[in-house]
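Biologist: I am new to this structure. Could you take a close look at one part, the packing of helices, and then show me what lies around it?

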Amino acid sequence: MSAVALCGLDANAAAAAPSSSASSTASAPSGDWPVVGHDTQGTRFSPLDQIDARNVGTLKLAFSFPTGLDKGHEAAPLVIGDTMYVVMPYPNTVYAFDLRQPNATVKWKFDPKPSASAQGVACCDLVNRGAAYADGRLFINTLDTQTIALDAATGRELWRTKLGDISRGETVTMAPLAVNGKVLVGNSGGELGVRGWLAALDAATGQVAWRAYSTGPDSEVLIGPSFKPFYANDRGKDLGVSSWPGTAWKLGGGNAWGFVSYDPALDLIFYGTGNPGPWNPEQRPGANKWTSGVFARKPATGEAVWYYQWSPHDLHDYDGVNENILIDLAIGGRERPVIVHPDRNGYVYVLDRETGQVLSADAFVPITTSTGVDLETGALKYNPLKDLRSGETTRNICPASPGGKDWQPSAWSPRTKLLYIPHQNLCEDAGPYQVSYIAGTPYVGVDTKMYAGPGGHRGEFTAWDPVARKKAWALKENFPVWSGALATAGDVVFYGTMDGVFKAVDAKTGAALWQFKTSSGVIGQPISYRGPDGKQYVAVLAGVGGWAGAIVSSPIDPQDSTAALGFVNAMKDLPLATKKGGTLYVFSLP
Amino acid sequence: MSSACPERRSLAVVAVALAALLATPCAFAQRTLRVCAEPDNLPLSNEHEAGFENRIARVVADELQATLVYEWRLQRRGFVRKTIGADLCDVWIGVPAGLDRVLTTRPYYRSGYVFLNRADAREPLTSFADPRLARLRVGVQLIGDDLAASPPGLALARAGATENVVGYPVWGEGSAAERISADLAAGRLDAALVWGPQAGYFVDHAPVPLAVVRAVAPTGFEVPFEFAIAMGVRQGDADLRRELDAALERRARDIDAILDAFHVPRLAAGATTASAASQEERQP
C-alpha cells in the first residue's frame, strides 16, 4: 500500500501548507485539488500549465463515469495524490476513483444513507457542493444535516455528527472546509424559518467545538471583545436581537450555505450569511443583522472579528453567501490583503480583509434595485421604486432574486489579475399577490416571474478587473451560467453551460478555444489536477438541476411559470436543450 | 358524464377476477381514485383517514364507485409537481379554488381566518383596528416562502403589529395551528390568528375554552382574506374534474354534514377569489 501512504503524504503537505499568497508559483506546484476552491483562499486557480491556449483545442475525453443520479450535480471533485473523491447530490453517495487505473476504477464507494424525508424539505433541488479533506480524512455533509468523516484510503466511516433538524426544514448542501483540525459546516433553510449557523467540528472526533449563529444575542453569535466591525452601524450590543422586531430573530435565517474561505496569515475564516427569513419584509423592519452579510472569525474559537452587511434588510432574497476570494491587490499604490466578492445584489465588492472596509463596489450586471454603495458608510443605496410593498406589480426588478450571481463560484487568476465570474442576467416582475397553498393554509405569495435582462441573454461569463473596477471582457450565454469557473496557469479558463457545453476560453481575451458537448447541462465546479502519469487533467460533473435547472431535473410543468420560485418562467426552453442525469467527465491532452 | 367507469390515463383501472359477480355498471374493472393528502395535519387529513378532507374524499369516492387509494405527502412547496406531476395521484383534496398549479373543481366550502382568544379573556382581540394590537402577543402561522406572508400576517404588519407578533412556521412538530392553540391555552399568547377550518377543531380539543371570531380584513386590504376550497386535478384533466364536480354537487349535503361535525366555519360564496370558472378560462 505504498501508493496510498504516498498519497497521504502528498495530501498532508497540500493541506498543511496552502499557499498563503495565491500568486505563488513555486517551482514544483502541487498537482492536487485538495479543497473545493483549490486552496482555502478559494482562488480556483490551478498552477498547472501543461494545457494552454495553444494546445487546449486538442483536449480529449480521458474517462467518464455515469453517476446514475438525476438531481443537480454541483460538487467539485477533490484530488489528493492518486485518488479523486466525488460526493453526489442526494443520497450523497461518495466515490473514490483510483487515478492510476486507465479508466479510473472505483476504489471505494460510501453510502451515508441520509433520511429520505430530507428530500421533501430542501428548498431548491437536492444538491451537494463537495467534500473537504485533511490528514487522510474526507469530510462530507449530507442533505439531512449530518457531517461524516471517512478514512480517505478505505472509505471507512470514522464518525458522524448530526447538526440540525430536518423536520423544521433544516438541511445542509454546502461544502465543508477543513481548517487547523476543525471542519466548518453551515446550514440551509432560511426561507423556512431556520436560524442560520456555522459550526466547527473537531476533525478527529466530530464533536462540535463551537457554533456561531447569524441572529440573536452576542453570546450566541460569538461576538465578544475581539469584534471590531469597520462601520459604526455594526457596533453595539446584541444587534442580532435589536435589529429585529420582537423575537423574529429566532426564525431569522442568515444561513451559512455558501463557501467558507480561510487566510492562514491572518488566521481568519470568511463566510457569507443568507437572506433573512421567513417573514415578509414588512413584518421584519430593521437591518435584520447578521443576515445577508459577511463574517470574519477566528477558526479556533469562532469569535467574530468583523462583519459587513451587503444587503441590510434584504428585500429581494439576495442572500449574502457568495464566495469570498482572498487575494492581495495593489490598491492606492500599496498591496492590500482583500476579499473579492461578486454579490447577488449585483456588485463586485473589494473589502480589506483585515478590517472589513469596503474599498470598492461596482455593478457587474444591470441593477435597478439600488443605485450604488456609499463608500463612506458602506450602506447599499436601495431604490425605493423597486420595493414590493405596494401590492401592485413591480416590474423590471434587476437583478432577479437569484441575483446577479448565485452560489456558482468565480475563479481568480494571479497571472491575468482577472476574476472570472459565471453569472446570470435575469430580471423579474413581482406581484400582484397570488394565492398559493401550504399545509392547510391558503396564503398569498408574491407571484414572481423571471426573464432575461437587458440584451435578451440569460447568462454571462465575465472577466472582471477588480483594480480597474471594470469588465475586461464578457461572453453572453443563452442560459444562466450556473457552473463554477476554473482558471489555470496555462491561461485557459473553463466553465460549463446549462444546455450542456463545457468550454475553454482564453483567459486574456475570452476567445473560444475548445468545447465539449456533455450529456446533461453543467452546473458543477470544474477542477484541474496532475495525474499519477504526470499529465494535467480537467474534471467536471455534468448533471443539470439546482434552483435554475429544476425544470429539467424535477418533473415541473413548464406552464407553471411560478414553480421553483419563479425561475421556471425564465427557463421554459431548457428541457429542449438538455436532459437530466449526472456524469463525471475528465479531459486531458492526447 | 358518460360512464361511471371510463378508461382514462389518470384513473388506474384494476381488473377484478370475479368481477362478473359484482353488480357494478362496469363488471370487469374497478376504478381507483388516487388521492394525495397530508399524513399528519388534523383536522384536515391524517393517515388514519380521520380528517374532514379524508371523510369528504370517501364520500366522493363512493359516489364515483371508486376504490380510494392514498398517497401521503406533505402539502408544501412544490407539492403539485412532486405528486400529481410525478403521477403519484390524480387528486389533491383541499386546495384553494383557482390555484393555478392544478385544475380546480367547484368549491365545496368557503372559509376565512379567525381571531382566537381564550374564552375568559375580558377584552378579546377581534379586529385589526384594535389599538392594543402592537403590544399584544399575537400568534400567526408563518409560511416560509420567499417574500410571502399569509394574509393575516401581512394585515398585522400593516396594522403596525411587528414587535410582539409570534410566528409559527408550518415546519416542525405538529401543525402550526395546533402549536398556536396550545400556546394560547397555556397563556404564552394573548391572541392568535388562524385559518378557520383548523381553529374550529383545536378549540374543540383545547384544555381551556377558546373563542373564535371571524377576522375581517382591514379596509382597503388588497389581499384576499377568504378562500373557496376545492379539489385539484392535473392540468388538462377536465374529464375527472367534471366527474368530481358532479359528485360534489350530488353529495353536497353529506359534505356539509362532515364540515359541521368538524366545526368548520363557513362563509357564503363571495367574489373575492378566483373561481373555478375563471380558472377554466385560463386553460390553453
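Modeller: The answer below begins with pairs of helices, then moves outward step by step.

This is a predicted model, in which local features need pLDDT of at least 70, side-chain atom pairs count only at pLDDT 80 or more, and totals for chains, interfaces and linings use all residues. Residues are numbered from 1 along each chain as its sequence is written, while chains are lettered from A and ligands numbered from 1 in the order in which they are written.

Start with helix H1 (residues 52-63) and helix H7 (residues 252-261) of chain B. Their axes are 10 Å apart, and the two pack at an angle of about 165 degrees. Helices here are DSSP runs of H or I with at least four residues, strands are runs of E with at least two, and both are numbered from the N terminus. Axes are lines fitted to C-alpha atoms, for helices over the stretch in contact, and angles run from 0 to 180 degrees between N-to-C directions. H1(B) and H7(B) are therefore roughly antiparallel to each other. The cut-offs are these: under 35 degrees is roughly parallel, over 145 roughly antiparallel, 65 to 115 roughly perpendicular, and the rest oblique.

H1(B) passes H7(B) in a right-handed crossing. A crossing is right-handed if the near helix is turned clockwise from the far one by less than a right angle, and left-handed if anticlockwise. Which residues make the contact of H1(B) with H7(B)? From H1(B) come Phe52(B), Arg55(B), Ile56(B) and Val59(B). From H7(B) come Asp254(B), Ile255(B), Ile258(B) and Leu259(B). Two residues are in contact if their C-beta atoms, placed from the backbone, lie within 7 Å. By class, this contact has six nonpolar residues, no polar ones and two charged ones. Nonpolar covers Ala, Val, Leu, Ile, Met, Phe, Trp, Tyr, Cys and Pro; charged covers Asp, Glu, Lys and Arg; the others, Gly among them, are polar.

Now take a second pair in chain B, helix H4 (residues 176-185) and helix H5 (residues 196-205). Their axes come within 10 Å and cross at roughly 45 degrees. That makes H4(B) oblique to H5(B). The crossing of H4(B) past H5(B) is right-handed. H4(B) brings Ala177(B), Glu178(B) and Ser181(B) to the contact, and H5(B) brings Gln198(B), Ala199(B) and Phe202(B). Three of the residues in this contact are nonpolar, two are polar and one is charged.

Next, the domains. Chain B is divided into domain 1 (13-109 + 227-281) and domain 2 (111-214). These bounds come from an automatic or database domain assignment. Where the domains meet, 14 residues of domain 1 of chain B are in contact with 13 residues of domain 2 of chain B. On the domain 1 side, 10 residues are nonpolar, two are polar and two are charged.

A few loop residues of chain B are worth a stop. Ala97(B) sits in the loop between strand E6 (91-96) and strand E7 (103-104) of chain B. Ala97(B) counts as buried because it has 25 C-beta neighbours inside 10 Å. Buried takes 20 or more other C-beta atoms within 10 Å of a residue's own, exposed 12 or fewer, and partly exposed lies in between, with C-beta atoms placed from the backbone. Ala97(B) and Tyr109(B) are 12 residues apart in sequence, and their C-alpha atoms are 9.8 Å apart in space. Elsewhere, Leu42(B) and Pro43(B) are joined by a cis peptide bond, with omega about 5 degrees. Pro43(B) belongs to the loop between strand E3 (40-41) and strand E4 (45-46) of chain B.

Chain B also touches chain A. The contact takes 44 residues from chain A and 49 from chain B. On the chain A side, strand E28 (426-438) and strand E29 (441-452) are the elements that give two or more residues. E29(A) gives the largest share, six residues. This side of chain A divides into 22 nonpolar, 16 polar and six charged residues.

Finally, chain A itself. Chain A has five helices and 38 strands. Its C-alpha trace spans about 65 × 55 × 55 Å along its principal axes. Of the 590 residues in chain A, 63% are buried. Chain A has a cis peptide bond too, from Gly277(A) to Pro278(A), with omega near -15 degrees. Lys113(A) is not a glycine, yet has a positive phi of about 50 degrees. Lys113(A) is exposed, with 12 other C-beta atoms within 10 Å.
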